[in-house]
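Me: I should like a close look at a single helix of this model and at the way its residues are placed. Please set out the reasoning in one connected account, and then place that part within the whole chain.

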Amino acid sequence: MTMDFAIETDGLTKRYSEHILAVDGVTLRVRRGEVYGFVGPNGAGKTTTMRMLVGLIRPSAGQARVLGKPPGSPDSLARVGAMIEAPGFYPFLSGRDNLRVMARHAGVPEKRLDAVLEQVGLADRAGDPFGTYSMGMKQRLGLAAALLKDPELLILDEPTSGLDPEGIAEMRDFVRQLTQGERTVFLSSHLMTEVEQICDRIGIIRRGRLVAEGTLDELRGQPELHLRATPIDRARRMVESLPYVERLIADDGKLVLTMDLQRAGELNRQLVSADVEVTELTPARTSLEEVYFDLVQAEQAGDVEGDTYRG
Ligand SMILES: Nc1ncnc2c1ncn2[C@@H]1O[C@H](COP(=O)(O)OP(=O)(O)OP(=O)(O)O)[C@@H](O)[C@H]1O
């Protein structure tokens, strides 16, 4: 295991009972300084994985290293900030006093309180009781708590859950700001649009298994060109003869081409000079959401073999 990774897991597994295999041999790598999106449907095993990474629960098999150390070791905990499930704040204490309790417990100096409250935009409401906070403010206080130790790694479980669109956008901005510099963020989500916007790399988990991992570009594959033209047969023969077209698929009256999109103009000219009338020539790209659903459906269609999650 090397120091280039903030998180490394090998065959990480958690079985809660004979019938519930929540995490099934997950091997993933989160590089230092990146925002890694851990996505999957409800019950896929995201929270369970995160709980293992901060040492809240022990794996049944496999192993993990967090900042090069065993999860939950004092050395690792001192450098990791986590927001996993609803943080347990006292409703009658103010936001600041809640943080003060935590800061004392963690041995963090008081002067950090104002800095983190400022960082999450809660400074002017920090004196109000936590119980009076909106959902967005509660999430922000959770984030402030995770930031107390100025951690190298932030582990955030569904940081936007329960937030309205404005709150989601706000949280996205915080995460972006927080990652400027060396900090690594490992966050879970089931919102592909959100993940698409903030994550450098993404891991997709389904039924406890990591079914894909990569950058957005790697997961979405190459961009395509959609071509409609008449007569379509002549267009097809023409396109087939072009060396720069890497792949051609006929799909519902249109041709789907994989090629360098810079050459679309050249393609258009060649078609026109071959007496083909081009009615549509548009770039298209698989969205992360499509990739995600394809993977999820592939598994549902029977790719899941052996003894897997049945919870
Ligand atoms: N303490 C527990 N005891 C028994 N089963 C559990 C426990 N915690 C989680 N599970 C089960 O493990 C599976 C994975 O749950 P987990 O909470 O890790 O998923 P998740 O991907 O975080 O889902 P969500 O998006 O709904 O939070 C589920 O079937 C869940 O019911």
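Reply: A residue is called buried if 20 or more other C-beta atoms lie within 10 Å of its own, and exposed if 12 or fewer do. With that cut-off in hand, helix 3 of this predicted model can be described from its length outwards.

Helix 3 comprises residues 95–106, twelve residues in total. From its first C-alpha to its last, helix 3 reaches 17 Å, close to the 16 Å expected at 1.5 Å a residue. Just after helix 3 comes Gly107, whose phi is positive, at about 70°.

The next matter is which residues of the helix face inwards. Gly95, Arg96, Asn98, Leu99 and Ala103 are the buried residues of helix 3. These residues cover an arc of only 155° around the axis, and therefore they lie on the same side of helix 3. A general rule of helix geometry is relevant here: an α-helix has 3.6 residues a turn, so residues three or four places apart point the same way. On the other side of helix 3, Arg104 and His105 are exposed. As for what the buried side meets, the buried residues of helix 3 pack against helix 4 (111–119) and helix 5.

Helix 5 leads on to the interior of the model. The largest nonpolar core has 60 residues, and helix 5 (residues 135–147) supplies the largest share of this core, six residues. Ala144, Ala146, Leu153, Ile155, Val185 and Phe186 have the most contacts inside the core. For Val185, leaving aside residues up to four places away in sequence, the residues touched are Val35, Tyr36, Leu154, Leu156, Val175, Leu178 and Thr179. Apart from this core lies another, of eleven residues, with Ala235, Leu257, Met259 and Leu267 among them.

The strands at the beginning of the chain may be treated in the same manner. Strand 1 (residues 5–15) pairs with strand 2 in the antiparallel sense over three bridges, and a hairpin of five residues joins strand 1 to strand 2. Arg15 has Leu21, in strand 2, as its bridge partner. Strand 2 (residues 21–26) is largely enclosed by the rest of the structure, because five of its six residues are buried.

Finally, the chain as a whole is divided into domain 1 (5–219) and domain 2 (222–284). The C-alpha centres of domain 1 and domain 2 lie 45 Å apart.

Definitions and conventions
Residues are numbered from 1 along each chain as its sequence is written. This is a predicted model: local features need pLDDT of at least 70, side-chain atom pairs count only at pLDDT 80 or more; totals for chains, interfaces and linings use all residues. A nonpolar core is a set of buried Ala, Val, Leu, Ile, Met, Phe, Trp, Tyr and Cys residues joined through C-beta atoms within 7 Å. Helices (H or I, at least four residues) and strands (E, at least two) are DSSP runs, numbered from the N terminus. Two residues are in contact if their C-beta atoms, placed from the backbone, lie within 7 Å. Domain bounds come from an automatic or database domain assignment. The expected span of a helix is 1.5 Å times one less than its number of residues. The arc is that of the directions from the helix axis to the C-beta atoms. Two strands pair if DSSP finds at least two bridges between them.
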